[in-house]
Structures are given as C-alpha cells and as structure tokens.
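Reader: I have the sequence and the model open side by side, and I would like to go through them with you. Could we take one topic at a time?

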Amino acid sequence: MTDTSANRLESTLGGIRLEGRPHQLGVWAIVGLRLVMGWVMLSAGWGKFTSDFSAYGYLSNVDPASPASGIFGAMAENASMMAAVDVIVPATQILIGLALLAGLFVRLAALGAATQMVLFYLGSWDVAGGAVNDQFVYAAVFLALGAFAAGRVLGADRYLEEHSLVERFPSLRYVLG
C-alpha cells in the first residue's frame with residue numbers, strides 16, 4: 001500500500017473547521033460501499049419490477065402520526081398517482097443501482113436514493129424504537145457516497161469529468177462524483 005500522507009480532509013462550515021488525514025484503505029471502503037449500496041438498490045428495484053408490485057398498501061397504511069400521512073394517503077386514493085408511483089419507484093431504484101455500480105452520475109444517484117429513503121422513512125414512521133431506522137441509515141450512507149464523490153474512485157465519473165463538455169459546463173461536476 002502506498003503512503004497517503006499528502007492527502008488531507010479539510011472543511012470549514014459555519015465557522016467550524018474540520019481536518020484530518022484519510023487512511024489508505026478509505027478508497028477501498030468507498031468503492032465497496034458504493035457497490036454494496038448499488039446492489040441493494042438494483043435488487044430492490046428489480047424485485048419490484050419482476051413482481052406484482054403496488055405501493056398502494058404502503059401508502060394507504062402510513063401511521064397517522066407521520067408528518068407525511070395525509071400526502072401519502074391522498075396519493076394512495078388517486079389512481080393516476082398510484083400508477084405513476086408504481087412505475088417510478090422500481091424504475092428509479094434500478095437506475096440508481098446501475099449508476100452506483102458503474103460509478104456514473106453518483107452524486108445525482110445518491111441524492112435520488114437519499115430522497116427516496118427519506119420518503120420511506122416518513123412512510124414507515126415507527127419511531128417507537130428510536131428515530132434511527134434502516135431507511136434513515138440508508139439515507140445517511142447515500143449522502144455520504146455523494147459527499148465522498150464515490151464515482152471518482154474506480155467509476156465512470158472519473159473519466160467523464162475529463163470530458164470537454166464538463167470543461168465547458170463545470171456545473172456538471174455537481175452531479176458527477
């Protein structure tokens with residue numbers, strides 16, 4: 001393994017400065033986590049796509065204490081909305097999974113996955129055992145993958161960032177990584 005003494009983590013946010021030195025195994029952990037979470041999303045989406053999936057039961061049975069219960073209940077009662085949700089959920093899970101596995105548009109995929117997990121968190125709203133459940137943890141993991149720019153490590157984003165289009169439109173780097 002090579003020495004990473006030149007690598008540094010530094011950030012200042014709200015007047016608070018954090019800094020440190022990453023361990024050389026960190027890049028392997030980032031790739032491993034990206035691949036595992038990509039597989040989780042791909043298999044979840046594929047399972048829904050290849051089965052008789054409907055989000056109706058989930059949306060119509062949200063705990064009334066959830067801040068989203070009214071919205072989710074209204075969605076369940078709208079046939080057009082349910083038809084859309086029943087396609088959007090598996091399709092986005094498959095696309096997110098493929099993007100994470102390929103390391104392609106990882107920040108965009110991570111943001112989409114984290115958003116989906118927050119919505120699932122609001123839908124499952126069982127905070128009796130504590131506010132942190134698996135959807136909450138998944139949301140945090142997806143946000144971390146985006147923050148780490150996990151697609152730049154053994155991923156397609158690393159090569160896309162070198163494309164002339166990204167040079168002309170540097171804001172594209174916000175979805176890459």
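Reader: Which residues make the nonpolar surface patch of about 330 Å²?

Author: In this predicted model, one member of the patch, L25, is placed in the loop between β2 (16-20) and α1 (26-49). L25 counts as partly exposed because its relative accessibility is 40%, a value in between the limits of 20% and 50%. The residues that make the patch of about 330 Å² are L25, V27 and W28.

Reader: What does UniProt place at residues 25-47, and how far apart are the end C-alpha atoms of that stretch?

Author: The UniProt record, an unreviewed entry, gives the feature "transmembrane region" for residues 25-47, and also for 67-89, 96-123 and 135-155. In the model, residues 25-47 are 96% helix and 0% strand. The end C-alpha atoms of residues 25-47 are 33 Å apart.

Reader: And over residues 135-155, what is the helix content, and what separates the end C-alpha atoms?

Author: Residues 135-155 also appear in the UniProt record under "transmembrane region". In the model this stretch is 62% helix and 0% strand, and its end C-alpha atoms are separated by 25 Å.

Reader: Is E161 buried or exposed, and which residue does its side chain meet in a salt bridge?

Author: E161 lies in the loop between α7 (156-160) and α8 (164-168). With a relative accessibility of 12%, E161 falls under the 20% limit and therefore counts as buried. Apart from residues up to four places away in sequence, E161 touches R152, V166, E167, R173, L176 and G177. The side chain of E161 meets, in a salt bridge of 2.9 Å from N to O, that of R152.

Reader: Why does R152 count as partly exposed?

Author: The side chain of R152 is the partner of E161 in a polar contact of 2.9 Å. R152 counts as partly exposed because its relative accessible area, which lies between the limits of 20% and 50%, is 32%.

Reader: Which residues are joined into one network by salt bridges that share partners?

Author: The structure holds 6 salt bridges, among them one between the side chains of E10 and R8, at 3.2 Å from N to O. R17 also forms a salt bridge with E10, with the closest N and O atoms 3.1 Å apart. E10 is partly exposed at 46% relative accessibility, as R8 is at 41% and R17 at 44%. The residues joined into one network are R8, E10, R17 and E19.

Reader: Where is R107 placed, and what separates its C-alpha atom from that of L145?

Author: R107 is placed in helix α5, which covers residues 106-124, and at 23% relative accessibility it counts as partly exposed. Leaving aside residues up to four places away in sequence, R107 touches several residues, including G146, A147, R152 and R173. Although R107 and L145 are 38 residues apart along the chain, their C-alpha atoms are separated by 7.4 Å.

Reader: Looking at the protein chain as a whole, what share of its 177 residues is buried?

Author: The protein chain has 8 helices and 2 strands, and along the sequence these follow the pattern β-β-α-α-α-α-α-α-α-α. Its C-alpha atoms fill a box of roughly 55 × 35 × 30 Å along the principal axes. The accessible surface comes to about 10700 Å², with 67% belonging to carbon and sulfur atoms. Of the 177 residues, the buried share is 31%.

Technical notes:
Residues numbered from 1 in each chain as written. Predicted model: local features only at pLDDT ≥ 70, side-chain atom pairs only at ≥ 80, totals over all residues. Heavy atoms only, no water. Helix = DSSP H or I, 4+ residues; strand = E, 2+ residues; numbered from the N terminus. Buried < 20%, exposed > 50% of the residue type's maximum accessible area, 1.4 Å probe, protein only. Polar contact = N/O pair within 3.5 Å; in protein donor to acceptor, adjacent residues only side chain to side chain. Contact = heavy atoms within 4.5 Å. Patch = residues over 30% accessible without salt bridge, like charges linked within 9 Å, V, L, I, M, F, W, Y side chains within 5 Å. Areas by Shrake-Rupley, 256 points an atom, 1.4 Å probe, with all protein chains shown as cover. Salt bridge = Lys/Arg side-chain N within 4 Å of Asp/Glu carboxyl O. UniProt positions renumbered as here; feature names shortened; annotations may be inferred.
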